[in-house]
Amino acid sequence: MARRSGSILTRLLTNPPSPFTTPTRAITYMPRPGDGAPRTVTLIPGDGIGPLVTGAVEQVMEAMHAPVHFERYEVLGHMRKVPEEVIESVKRNKVCLKGGLATPVGGGVSSLNMQLRKELDIFASLVNCINVPGLATRHENVDIVVIRENTEGEYAGLEHEVVPGVVESLKVITKFCSERIARYAFEYAYLNNRKKVTAVHKANIMKLADGLFLESCREVAKNYPGITYNEIIVDNCCMQLVAKPEQFDVMVTPNLYGNLVANTAAGIAGGTGVMPGGNVGAEHAIFEQGASAGNVGNDKIVEQKKANPVALLLSSAMMLRHLRFPTFADRLETAVKQVIQEGKFRTKDLGGDCTTQEVVDAVIKALE
């Protein structure tokens, strides 16, 4: 998915010198995760299709003889909180592979996804929405990277009932988090030879909150004169995405807008079932399906065992690159894309009728 240096999750967070920034940075990027030695990774199968697609990854990793061992924990979206032993496992291993976790609609149960991000300060979500060879889509030349702030905004979870029938929900935007995500986006663009960064906002209405986000992006942009910077209002952004997505390169967004933009871009580029993603912080990373829509599937897909494993397989390739196993990552990506291009083994969302296991078997055969 990278152009100059593999993946941001391989090289971005290693503090390389940049001609546009000072040697001492105001932000600590993710350190190198290891020296290429075998690694233990925390595994959270999750809800719905999660066990199917994480099981697919386990099978493929075993077939590749990848130097990765999974430490499995059962976490379900209806739980009140993420078990402490799971948090400790991710802190110890530094890396986690996760299936979808369902977030109950309404009620008093908060999102476990948000709990993980806040507890581990996993501040950046990265989704690369790109056309996959052999997969027909309405638009061509789509190669969009959506970088989303992961810890605040409308997802801060600060809500209360003022009086019966009146609920106040607070949107929190801070300069620190806005600058941090903006710098991450520009560093990604620089290291991957990207030409443009677009900030997505609604500052015409939320003048203080989104205004602060834009102000932070503008300040960071000054340090990267070789990268074009522009801004777009979120509603116009959605319209432009479905009309002419090839105009976008790297997009940096506050939390809620990033979720909407990433899922829209994923749908345009081929569907959420084929878009990988990673969530990263200063010390930890969680890899999962890039676009959240459909990441737990529905009961029928689970019963028929026809979940699409492609997105998580590609996410696990990102994980392998992050763990400094680039040869294994390249083999896995090549095998997955070969299966998609041949078109014989596809799940229903990609126009086929295969089971998860049939796709996995095809990928394993391609690896041989």
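The following dialogue asks how the terms used for this predicted model are justified.

Modeller: This is a predicted model, in which local features need pLDDT of at least 70 and side-chain atom pairs count only at pLDDT 80 or more, while totals for chains, interfaces and linings use all residues. Residues are numbered from 1 along each chain as its sequence is written, and side-chain values use heavy atoms, with hydrogens and water left out.

Biologist: Why is the pair Arg92 and Glu71 called a salt bridge?

Modeller: A salt bridge is a side-chain nitrogen of Lys or Arg within 4 Å of a carboxyl oxygen of Asp or Glu. The closest N and O atoms of Arg92 and Glu71 are 2.7 Å apart, so the pair meets the rule. Side chains of opposite charge can pair when their charged atoms come close.

Biologist: What makes this pair a tie between separate parts of the chain?

Modeller: Arg92 lies in helix α3 (residues 84-93) and Glu71 in strand β2 (residues 68-72), so the pair ties together parts that are 21 residues apart in sequence. Helices (H or I, at least four residues) and strands (E, at least two) are DSSP runs, numbered from the N terminus.

Biologist: Why do Lys91 and Glu119 count as a salt bridge?

Modeller: Their closest N and O atoms are 3.9 Å apart, which is within 4 Å, and therefore the pair counts. Lys91 lies in helix α3 and Glu119 in helix α4 (residues 112-120), so this pair ties together parts that are 28 residues apart in sequence.

Biologist: Are Lys91 and Glu119 buried or exposed, or in between?

Modeller: Buried means under 20% relative accessible area, exposed over 50%, and partly exposed in between (1.4 Å probe, protein chains only). Lys91 has a relative accessible area of 30% and Glu119 one of 44%; each is therefore partly exposed.

Biologist: What makes Lys98 and Glu288 a salt bridge, and where do they lie?

Modeller: The N to O distance between their side chains is 2.6 Å, so the pair satisfies the limit. Lys98 lies in strand β3 (residues 95-98) and Glu288 in strand β12 (residues 285-289), so the pair ties together parts that are 190 residues apart in sequence. Both Lys98 and Glu288 are buried. In another part of the model, salt bridges that share partners join Lys175, Glu179, Glu215 and Glu219 into one network. A search of the whole structure finds 20 salt bridges.

Biologist: Why is Val162 called partly exposed?

Modeller: Val162 has 49% relative accessibility, a value between the two limits, so Val162 counts as partly exposed. Val162 is in strand β6 (residues 153-163).

Biologist: How do you know that there is empty space inside the model, and how many cavities are there?

Modeller: Rolling a probe the size of a water molecule over the atoms shows where empty space is left. On a 1 Å grid over the protein atoms alone, a cavity is a set of points where a 1.4 Å probe fits but cannot get out, and a pocket is an open set with protein on both sides within 12 Å along at least five of seven lines; lining residues have an atom within 4 Å of a point. Grid points are joined across faces, edges and corners, and a volume is the space filled by probe spheres set on the points. By this rule there are three cavities of 30 Å³ or more.

Biologist: What lines the largest cavity?

Modeller: The largest cavity has a volume of about 60 Å³. Its lining includes Ile49, Lys98, Glu288 and Leu312, and α2 (50-64) and β12 are the elements that give two or more residues to it.

Biologist: What is known of the largest pocket?

Modeller: The largest pocket holds about 910 Å³ of space. It is lined by 43 residues, of which Thr103, Ser111, Asn113, Met114 and Tyr155 lie nearest its centre.

Biologist: What makes His65 and Asn141 worth a remark?

Modeller: Most residues other than glycine have a negative phi, and most peptide bonds are trans. His65 has a positive phi of about 60° although it is not a glycine, and Asn141 likewise has a positive phi of about 60° without being a glycine. His65 is found in the loop between α2 and β2, and Asn141 in the loop between β4 and β5.

Biologist: Why are these two residues called exposed?

Modeller: His65 has 67% relative accessibility and Asn141 has 64%; both values are over 50%, and therefore both residues count as exposed.
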